[in-house]
Every structure is written in structure tokens, then in C-alpha cells.
Amino acid sequence: MTSAVTDASLKEEAHAMMLGYTSKFKVPVMNSQQISDLLSHADEEIYLVDVRDEEERQVSMIPSAISKETFLSRKSQLSKSTRIVSYCTIGHRSGVFSTQLLEEGFDNVHNGEGIILWSHLQNSQLVTGPDNSTATHRVHTFGNQWDKVPAHVESVQFGYISMVKAYIFFIFGW
């Protein structure tokens, strides 16, 4: 007897995977609902930083997010208490990035759950396009192991080269 795959079971699997990755870091995890609440009621400056590769960000991003490269170009102008939330696919690369920021003296840094769990958030939005203003329902998930998006979201996978890059980053932290 096979069990039916539901959005709820996919979310549970994604959450367990995220915890497996993020537990390796001494960075507090901010869940997708908390991020959404902060972005919609922000009375402070918040940097939501997407640390994924350009190709992944071209598929989709969380609204209001900026690329790691854009953040790094502004970093020297920021207060060490600026709220920074980084995210990637499931929490590993953003955990590495957040740890580096903590080591540099930033003290209000959080690791987001990742874009896969964001896609499970009720009324979540994803954007794409040259100015990130076009709504989309696509998420880059690397491969079947990470394909835990809900039914209304299309999983995009680039193939072998993308997987090799991900594993190299995972092993070496590049």
C-alpha cells in the first residue's frame, strides 16, 4: 500500500530536511511566516538576501529579496545591528552565509527556511523577470531529493551540472 503524497506531507518532509541542514549552524532560523510578517509590517530596515546562484534566482525569488551580490555591495554601509535574513533552497547555503555575517560582527542575522518552504506558505508569492515584478509559480529545486514544493508550484531542475555545483558548495562551502 502506498501513501498518498499531499502538500502537507511534502511540507513536513521539506521542514525535516531544512532542520537537518540548519541545525549545523549557530544561526537562529526564521520561519517563512515570520519573514512574511516582517516584510508586510516592517518598521525597520530588513535585508532579505537570496544567496542562490543567478540561474536559480532567474526562476524565482521571494518578493523584496535582493541577491547576495547586491547585499555585499551595500554591506560596508550597514550598521552591525541591521536585520538580515538570508535564504537559499532549503537552508544550507544561507546558513554558511549567515555564519560568515555573524563572524564579521553582524548581530541581527537569521537563516530563512528556504524558498521551498516559502512556497508552502499560504498566499506566498514568488517573482521573476528582470525587475522581479512578474508573478510566477516556479521554484528551482535542484533534483528529486529537494522536490518538496506544493502541487500549485512547478519544480524546475537544471540537471547534472547544477547538481555538481550544489554538492561542491555543500562540501567545500564555496
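Phe142 lies in the loop between β8 (138-140) and β9 (154-156), and this residue makes a good way into the structure, which is a predicted model. Phe142 has a positive phi of about 65 degrees although it is not a glycine. That is worth a look on your screen, since most residues other than glycine have a negative phi. Phe142 is also buried, with a relative accessible area of 8%.

One of the residues that touch Phe142 is Thr89, found in the loop between β4 and α5 (92-103). Is Thr89 buried or exposed? Thr89 is buried, because its relative accessible area of 3% falls under the 20% cut-off. Beyond its neighbours within four places in sequence, Thr89 is in contact with Arg52, Glu56, Glu113, Gly114, Ile115, Ile116 and His140, as well as Phe142.

A further positive phi belongs to Ser64, near 80 degrees, again in a residue other than glycine. Ser64 sits in the loop between α3 (54-59) and β3. Ser64 counts as exposed because its relative accessible area is 59%, over the 50% cut-off. Here are the accessibilities of the three loop residues:

| Residue | Relative accessible area | State |
|---|---|---|
| Thr89 | 3% | buried |
| Phe142 | 8% | buried |
| Ser64 | 59% | exposed |

Now for the sheet. In what order do the 5 strands of the open sheet run? The order is β1-β5-β4-β2-β3, with parallel pairing. At the edges stand β1 (29-30) and β3 (66-67), each pairing on one side only. Strand β5 (residues 109-112) pairs with β4 in the parallel sense over 3 bridges, and β1 with β5, also in the parallel sense, over 2 bridges. Asn111 in β5 is a handy residue to find: Asn111 is the bridge partner of Ser86, and Val29 stands opposite Asn111 too.

Both faces of β5 are covered, with Val109 and Asn111 buried on one side and His110 and Gly112 buried on the other. Helix α5 lies across β2 (46-50), β4 and β5, and runs at about 180 degrees to β5. Together, β4, α5 and β5 make a right-handed β-α-β unit.

Next, the nonpolar interior. Which residues have the most contacts inside the largest nonpolar core? They are Leu48, Tyr87, Ile90, Ile116, Val139 and Trp146, in a core of 25 residues. The elements that give two or more residues to this core are α1 (7-22), β4 (83-87), α6 (115-118) and β6 (126-128). A second, separate core of 12 residues includes Ile84, Phe97, Leu101 and Phe106.

Leu48 is worth following further. Leaving aside neighbours within four places in sequence, Leu48 is in contact with Ile35, Leu39, Ile62, Pro63, Ser64, Ala65, Ile66, Val85 and Tyr87. That list includes Ser64, the exposed loop residue with a positive phi, and Tyr87, another residue with the most contacts inside the largest core.

Finally, the chain as a whole. The secondary structure comes to 7 helices and 9 strands. Of the 174 residues, 48% count as buried. Among contacts between residues at least 6 apart in sequence, 67% join residues at least 24 apart. The chain exposes about 9300 Å², and carbon and sulfur atoms supply 52% of that area.

Note on methods. Residues numbered from 1 in each chain as written. Predicted model: local features only at pLDDT ≥ 70, side-chain atom pairs only at ≥ 80, totals over all residues. Heavy atoms only, no water. Core = buried A, V, L, I, M, F, W, Y, C linked by side-chain atoms within 4.5 Å. Buried < 20%, exposed > 50% of the residue type's maximum accessible area, 1.4 Å probe, protein only. Helix = DSSP H or I, 4+ residues; strand = E, 2+ residues; numbered from the N terminus. Contact = heavy atoms within 4.5 Å. Areas by Shrake-Rupley, 256 points an atom, 1.4 Å probe, with all protein chains shown as cover. Pairing = 2+ DSSP bridges. Axes fitted to C-alpha atoms, helices over the stretch in contact; angles between N-to-C directions. Right-handed = clockwise from strand over helix to strand, strands pointing away.
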